[in-house]
Amino acid sequence: MNDIPILMAAPMPATVIDALDRHFTLHRLWEQPDADAFLARHGAAIRGIAANALAGRIDAGLFDRLPALEIVANFGVGYDNIDARAAAERGVMVTNTPGVLDAEVADLTLGLLLATIRRLPQADRYVRDGRWPDAPFPLSPTLRGRTVGIIGLGAIGKQIARRLEAFDVAIAYHGRTRQRDVDYAYYDTPVALAGACDVLIAIVPGSASTQHLVGAAVLDALGRDGIFVNVARGSVVDEPALIAALQSGTILAAGLDVYADEPNVPEALRALDNVVLLPHLGSASEHTRAAMGQLVVDNLTSWFSQRRVVTPVPETA
Ligand code: NAP
Ligand code: 8YV
């Protein structure tokens with residue numbers, strides 16, 4: 001397989017780069033002084049892409065420039081950075097990294113929820129600023145007695161729910177379909193779920209159907225004591241509506257791991273005291289990123305040695 005050209009558009013963990021270097025001829029697009037000229041010169045030979053969200057959108061425009069492309073192996077379970085339908089139409093396989101990151105993202109979600117409710121980053125700043133000797137840190141809101149709604153009770157959503165059970169809170173969810181294997185309360189719209197909850201956690205894929213699923217109406221329904229946590233995608237929430245709701249007290253606070261235009265976070269959000277802001281950390285531990293990277297490598301080597309992949313996305317399965 002060593003002569004098969006694979007394109008990596010943006011950096012991945014060193015273990016992935018080393019493994020792909022051993023198996024294939026790896027082209028590092030981000031090291032090219034002129035990416036466009038590189039694609040014009042070498043695009044016709046490229047047979048695989050190791051992709052991640054940082055690499056920009058992988059769509060029909062790029063496929064046109066890579067006529068020999070057979071597979072796009074995404075570093076991430078969410079693959080909204082790839083037009084998987086356009087890939088399927090051209091017979092290009094797309095893979096993602098489900099399963100290996102569920103627990104890590106669920107852990108992070110619980111951490112972000114507790115940090116938001118108990119105002120942990122604000123308390124940390126309070127100590128560092130030397131303000132504790134002047135007065136105790138103000139009492140915080142609580143998780144006690146709350147109902148937590150999960151939008152998207154998939155692989156990660158279920159791991160979040162399992163962890164929440166240990167916190168003795170009521171759990172409810174919304175998805176397009178009611179699930180038979182859980183007995184959490186089901187709501188058939190995001191507004192109905194938000195109306196029944198005072199914590200709302202989004203963990204759906206980014207897609208046309210989830211674009212701005214959380215907007216002004218959902219935030220209104222969540223209410224003045226409401227906490228919103230987004231670990232899904234920035235596209236799932238109407239960001240200006242969220243900022244307005246946080247500024248006006250329509251909801252109490254938010255914990256955000258994802259944004260509409262990453263890595264750019266609006267100044268209006270950064271100026272607010274009732275938000276906890278993380279730089280897209282859901283899966284970002286060395287352990288889990290290594291497992292995701294191994295799956296990228298396994299999908300590519302399996303495709304080029306056996307014409308099979310480990311984790312195809314449904315559109316190209
Ligand atoms: P999954 O197992 O496919 O679950 C997705 C869930 O979303 C399903 O329960 C699905 O239920 C629901 N859903 C899909 N479209 C919907 C819609 N239009 N309205 C309501 N519900 C909808 O995916 P997963 O592995 O749990 O991952 C979910 C997403 O989390 C990823 O796609 C990614 O965007 C995000 N993520 C973020 C991080 C991070 O670092 N912050 C890390 C990993 C993943 P129905 O089909 O019944 O609607
Ligand atoms: C990664 C993610 O940060 O898996 C996902 O969908 O959002 C995260 O695990 C991202 O994919 C890295 O490119």
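**Strand β6 and the nonpolar cores**

Me: Is strand β6 (residues 147–151) largely enclosed or open, and why?
Reply: In this predicted model, four of the five residues of strand β6 are buried, where buried means under 20% relative accessible area with a 1.4 Å probe and protein chains only. Strands here are DSSP runs of E with at least two residues, and helices runs of H or I with at least four, numbered from the N terminus. Because four of its five residues are buried, β6 is largely enclosed by the rest of the structure.

Me: Which residue in β7 is the bridge partner of I150?
Reply: Strands β6 and β7 (residues 170–174) run parallel and are joined by five bridges, and two strands count as paired if DSSP finds at least two bridges between them. In β7, the bridge partner of I150 is Y173.

Me: Which residue in β9 stands opposite I151?
Reply: Strand β9 (residues 199–202) also pairs with β6 in the parallel sense, over four bridges. The residue of β9 opposite I151 is A202.

Me: Which helix gives the most to the largest nonpolar core?
Reply: A nonpolar core is a set of buried Ala, Val, Leu, Ile, Met, Phe, Trp, Tyr and Cys residues joined through side-chain atoms within 4.5 Å. The largest one has 53 residues, and I150 is among those that touch the most other members. With seven residues, the one that gives the most to this core is helix α5 (residues 102–117).

Residues are numbered from 1 along each chain as its sequence is written, and chains are lettered from A in the order in which they are written. Local features need pLDDT of at least 70, side-chain atom pairs count only at pLDDT 80 or more, and side-chain values use heavy atoms.

Terms used. Buried < 20%, exposed > 50% of the residue type's maximum accessible area, 1.4 Å probe, protein only.
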